[in-house]
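Biologist: I'm new to this one. Could you show it to me and explain the terms as we go?

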Amino acid sequence: NKSREEVETDENRVSNLRWGLTAIVGIFTALTAVLITFCTGHLLHMKLNLAQTWIEREKDNPNLRGTAISVIAAVSASLSGVAGLAAIWEPVASGSGIPEIKSLLNGIMIKRSMRIKTLF
């Protein structure tokens, strides 16, 4: 039998480990959000620069009329295609993830929702 002090020490140790794990998960979640925001901004900047380039080319050559909107549509379609392939590869990744996290926090584990493959 453990004494009361030993039990309290064990409970404190477990509590500290849980808080530490919670902090680590929070940090990695924040870093993932920053990475996603950075990549999204970079892709948007790239698409807008490409559109600006084609708009300038259209100004110089009237025969290219409509090319800029076609380029924007092609880039958008290709990015949407990549997102579609990700949803085909891992169907759980197609949603926002909020219902999965709420379920997990309520103690219900959803298969294939918390895997690296779902993130990427």
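Modeller: Here is a short talk about the chain, one helix and a few contacts. This is a predicted model, where local features need pLDDT of at least 70, side-chain atom pairs count only at pLDDT 80 or more, and totals for chains, interfaces and linings use all residues. Residues are numbered from 1 along each chain as its sequence is written, and side-chain values use heavy atoms, with hydrogens and water left out.

Biologist: What does the secondary structure of the protein chain come to?

Modeller: Four helices and zero strands; helices (H or I, at least four residues) and strands (E, at least two) are DSSP runs, numbered from the N terminus.

Biologist: Why is the protein chain called more spread out than a compact globule?

Modeller: Its radius of gyration is 24 Å, well over the 14 Å that the globule rule gives for 120 residues, so it is more spread out. That radius is taken over C-alpha atoms, and the rule is 2.2 Å times the number of residues to the power 0.38.

Biologist: Which residues of α2 are buried?

Modeller: Thr67, Ala68, Val71 and Val75. Buried means under 20% relative accessible area (1.4 Å probe, protein chains only).

Biologist: What makes the Arg57 charge count as sitting over the ring of Trp54?

Modeller: The rule wants NZ of Lys or CZ of Arg within 6 Å of the ring centre and within 35 degrees of the ring normal. The charged end of Arg57 is 4.7 Å from the centre of the Trp54 ring, and it does sit over that ring.

Technical notes
Buried means under 20% relative accessible area, exposed over 50%, partly exposed in between (1.4 Å probe, protein chains only).
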